[in-house]
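Q: Hey, can you walk me through this one? I'm new to reading structures, so plain words please.

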Amino acid sequence: MAHLLHIDSSPRGERSHSRRLTREFVEAWKQAHPTDSVTYRDVGRNPVPHVDEPWIAGAYAPLEQRTPEAQAAIGISDQLVDEFLAADLYVIGIPMYNFSVPSTFKAYIDQIVRAGRTFVFEPEDATNPYKPLVLGKKMVVITARGDSGFGPGERNEKMNYQDPYVRTVFGFIGITDITFIPVENDEFGGTSLAQSIANARTQVAQLVGALAMQHPIVQP
Ligand SMILES: Cc1cc2nc3c(=O)[nH]c(=O)nc-3n(C[C@H](O)[C@H](O)[C@H](O)COP(=O)(O)O)c2cc1C
């Protein structure tokens with residue numbers, strides 16, 4: 001039995017491609033794995049706080065030395081980290097905003113990439129001071145973009161700070177099994193958008209099947 005954490009980060013509702021595709025993935029997953037559980041978090045419409053000075057003080061002070069303000073700030077982060085660590089599989093929708101992720105999703109990352117919780121810092125180990133703590137998990141990322149051509153060797157490859165960033169930051173905490181499914185051409189519309197949505201939907205259906213094989217339903 002697996003636990004999914006489903007996260008959306010588009011501020012758009014029904015018009016959001018990433019939101020529609022993550023929902024499609026999770027619905028198909030629940031059909032294939034009715035006993036699996038899902039937690040939903042919407043950072044696009046209910047943003048988490050940004051890191052501030054009390055947060056930093058709380059993150060790096062021993063529990064007994066935290067001020068009430070620092071404890072409150074880091075308490076939110078602790079809840080988000082607990083929720084994150086409880087999942088086996090992450091299904092995340094991320095629009096491209098100015099070649100990277102929306103600031104709401106960046107704020108979420110800053111809350112969950114935590115020394116001592118999702119990675120450890122060991123300065124005495126000069127060759128490998130940062131060690132990941134989030135191991136054995138899988139991630140599916142549905143990206144949505146107005147333009148296209150952000151893949152390897154394509155015309156916008158060098159402007160893509162979205163997938164490489166997501167791969168880097170989640171790899172840093174130990175999540176290296178990440179599948180990206182893009183929806184592109186939102187700004188062009190017409191057949192180029194329709195074709196991209198159709199491709200993404202096919203990839204979602206295939207991936208639900210492929211991941212299902214790695215998480216077989218246990219027969220009673
Ligand atoms: C503030 C903002 C910045 C954007 N920046 C980019 C960009 O850098 N590159 C791009 O291809 N599309 C860009 N877009 C278009 C979105 O990525 C596109 O509309 C996408 O479909 C949004 O995701 P959603 O459909 O899940 O809401 C931007 C849109 C907005 C609102």
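Q: Which atom of the ligand does the backbone of N98 come up to, and at what distance?
A: A nitrogen atom of the ligand, with a backbone N or O atom of N98 lying 2.8 Å from it. Keep in mind that this is a predicted model.

Q: OK, and what does the backbone of M96 do with the ligand?
A: A polar backbone atom of M96 is 2.7 Å from an oxygen atom of the ligand. The backbone of A144 has a polar atom 3.3 Å from a ligand oxygen atom.

Q: How much of the ligand does the protein bury?
A: 79% of the 640 Å² that the ligand exposes when taken alone.

Q: How many residues surround the ligand, and which are the closest?
A: There are 17 around the ligand, and the closest are S10, S16, S18, M96 and D186. So M96 is on that list of closest residues, and its backbone is what we just talked about.

Q: What is the space taken by the ligand, in terms of pockets?
A: That space is the largest pocket.

Q: Changing topic: how many salt bridges are there in the whole structure?
A: A search of the whole structure gives 16. The general idea is that side chains with opposite charge can pair when their charged atoms come close.

Q: Give me one. What does R117 pair with?
A: R117 pairs with D82 through their side chains, at 2.8 Å from N to O. R117 is in the loop between α4 and β4 while D82 is in helix α3, so the salt bridge ties together parts that are 35 residues apart in sequence.

Q: Are R117 and D82 buried or exposed?
A: In between: R117 is partly exposed, with a relative accessible area of 22%. D82 is partly exposed too, at 42%.

Q: What about D177, which residue does it meet in a salt bridge?
A: K138, with 3.1 Å from N to O between the side chains. D177 belongs to strand β7 and K138 to strand β6, so this pair ties together parts that are 39 residues apart in sequence.

Q: Why does K138 count as buried?
A: Because its relative accessible area is 17%, and buried means under 20%. D177 has 33%, so D177 counts as partly exposed.

Q: And which residue does R145 form a salt bridge with?
A: E184, and the closest N and O atoms are 2.8 Å apart. This pair links distant parts of the chain, with R145 in the loop between β6 and α5 and E184 in the loop between β7 and α6, 39 residues apart. R145 is buried, and so is E184.

Q: Which residues do shared salt-bridge partners join into one network?
A: D78, D82, R114 and R117.

Q: R114 is new to me. Where is it, and is it buried or exposed?
A: R114 is in the loop between α4 and β4. R114 is buried, at 5% relative accessibility. Its side chain also makes a polar contact with the side chain of S77, at 2.6 Å.

Q: Now backbone angles. What's the deal with phi of F99?
A: Phi of F99 is near 70°, a positive value in a residue other than glycine. F99 lies in the loop between β3 and α4, and F99 is partly exposed at 35% relative accessible area.

Q: And what is phi like for N185?
A: Positive, about 75°, although N185 is not a glycine. You'll find N185 in the loop between β7 and α6. N185 is buried, with a relative accessible area of 13%.

Q: Last topic, distances. How far apart are L63 and S37 in sequence and in space?
A: L63 and S37 are 26 residues apart in sequence and 32 Å apart in space, C-alpha to C-alpha. L63 sits in the loop between α2 and α3, and L63 is exposed at 59% relative accessibility.

Q: And what separates K106 and F121?
A: Their C-alpha atoms are separated by 21 Å, and the two residues are 15 residues apart along the chain. K106 is in helix α4, and K106 is partly exposed with a relative accessible area of 33%.

Conventions:
Residues are numbered from 1 along each chain as its sequence is written. This is a predicted model: local features need pLDDT of at least 70, side-chain atom pairs count only at pLDDT 80 or more; totals for chains, interfaces and linings use all residues. Side-chain values use heavy atoms; hydrogens and water are left out. Helices (H or I, at least four residues) and strands (E, at least two) are DSSP runs, numbered from the N terminus. Buried means under 20% relative accessible area, exposed over 50%, partly exposed in between (1.4 Å probe, protein chains only). A salt bridge is a side-chain nitrogen of Lys or Arg within 4 Å of a carboxyl oxygen of Asp or Glu. A residue is near a molecule or strand if one of its heavy atoms lies within 4 Å of it. A polar contact is a pair of N or O atoms within 3.5 Å; within protein, one must be able to donate a hydrogen and the other to accept it, and residues adjacent in sequence count only if both atoms are side-chain atoms. Accessible areas come from the Shrake-Rupley method with a 1.4 Å probe; for residues, only the protein chains shown count as cover. On a 1 Å grid over the protein atoms alone, a cavity is a set of points where a 1.4 Å probe fits but cannot get out, and a pocket is an open set with protein on both sides within 12 Å along at least five of seven lines; lining residues have an atom within 4 Å of a point. A molecule sits in a cavity or pocket if more than half of its atoms lie within 2 Å of its grid points.
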